[in-house]
Amino acid sequence: MKRLLLSGWTVLVAGGIVALAAVSFFAPGRRHLALDVFVLYLGGIGLAAGVRATRAASPDVHEPSLADALADPIDVLPERPSDLERMERDVYLSCGTSFYLHHRLRPILREIAANRLLTRHGIDLDDRPEAAEELLGEDAWSMLRPDVDVPKDRWAPGPPLPELRAVVDALERI
């Protein structure tokens with residue numbers, strides 16, 4: 001096999017030499033260009049030989065089977081949705097500062113509350129605040145009511161996690 005492989009490369013190189021000799025003989029003014037093309041040709045042949053030798057050295061790396069891909073435990077782990085990661089980050093940052101709570105998490109919670117109140121009870125969060133407060137409960141309403149002012153101290157700590165959990169529980173009960 002190596003002898004055939006070697007003879008195949010030899011035929012390619014010999015063909016390049018014949019082409020170089022023909023150009024040199026029939027167009028002597030183009031010898032420099034022919035030599036440049038020949039050197040590029042030899043470089044291409046060398047690159048192809050290197051790729052072939054590398055593939056022969058490790059055939060299993062380049063052609064994985066379906067069974068190998070399915071057996072890989074890293075690929076089996078599901079990816080976490082980016083929306084979930086963003087929501088977790090919003091909750092974490094909202095516990096850190098009340099300003100972040102007011103501008104990032106509160107609008108999301110208000111949208112959820114407005115949607116649930118309207119679709120399940122026919123109550124508009126802004127038009128019928130008394131009915132919305134009754135269904136949401138006092139804790140959730142204090143965070144979601146429309147007239148909540150922007151925090152004066154941007155770096156004041158946000159609500160603790162159990163308080164946010166109570167608001168989410170109130171939204172789930174609607």
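# Salt bridges and a nonpolar patch

Arg-104 is partly exposed, with 40% relative accessible area. Its salt-bridge partner is Asp-90, and their closest N-to-O distance is 3.9 Å. The model is predicted. It holds five salt bridges in total, and three of them are described below, followed by a nonpolar surface patch made by Leu-12, Tyr-41 and Leu-42.

**Between helices H6 and H7**

- The salt bridge joins the side chains of Asp-90 and Arg-104 at 3.9 Å, N to O.
- Asp-90 sits in helix H6 and Arg-104 in helix H7 (residues 98-121), so the bridge ties together parts 14 residues apart in sequence.
- Asp-90 is buried, because its relative accessible area is 3% and the cut-off for buried is under 20%.
- Arg-104, at 40%, is partly exposed.

**From helix H7 to the loop after it**

- Arg-110 pairs with Asp-126 in another salt bridge, with the closest N and O atoms 2.7 Å apart.
- This pair links distant parts of the chain, 16 residues apart.
- Arg-110 belongs to helix H7, while Asp-126 lies in the loop between H7 and helix H8 (129-136).
- Arg-110 is buried, with a relative accessible area of 15%.
- Asp-126 is partly exposed, at 44% relative accessibility.

**Within helix H6**

- Asp-83 forms a salt bridge with Arg-86.
- Their closest N and O atoms are 3.2 Å apart.
- Both residues are in helix H6 (residues 82-96).
- They are three residues apart there, so about one helical turn separates them.
- Asp-83 is partly exposed, with 48% relative accessible area.
- Arg-86 is partly exposed as well, at 40% relative accessibility.

**Why such pairs form**

- Side chains that carry opposite charges can pair when their charged atoms come close.

**The nonpolar surface patch**

- Leu-12, Tyr-41 and Leu-42 make a nonpolar patch on the surface.
- The patch covers about 220 Å².
- Leu-42 is found in helix H2, which spans residues 31-57.
- Leu-42 is partly exposed, with a relative accessible area of 32%.
- That value fits the patch rule, because patch residues need over 30% relative accessible area.

Definitions and conventions: Residues numbered from 1 in each chain as written. Predicted model: local features only at pLDDT ≥ 70, side-chain atom pairs only at ≥ 80, totals over all residues. Heavy atoms only, no water. Patch = residues over 30% accessible without salt bridge, like charges linked within 9 Å, V, L, I, M, F, W, Y side chains within 5 Å. Areas by Shrake-Rupley, 256 points an atom, 1.4 Å probe, with all protein chains shown as cover. Salt bridge = Lys/Arg side-chain N within 4 Å of Asp/Glu carboxyl O. Helix = DSSP H or I, 4+ residues; strand = E, 2+ residues; numbered from the N terminus. Buried < 20%, exposed > 50% of the residue type's maximum accessible area, 1.4 Å probe, protein only.
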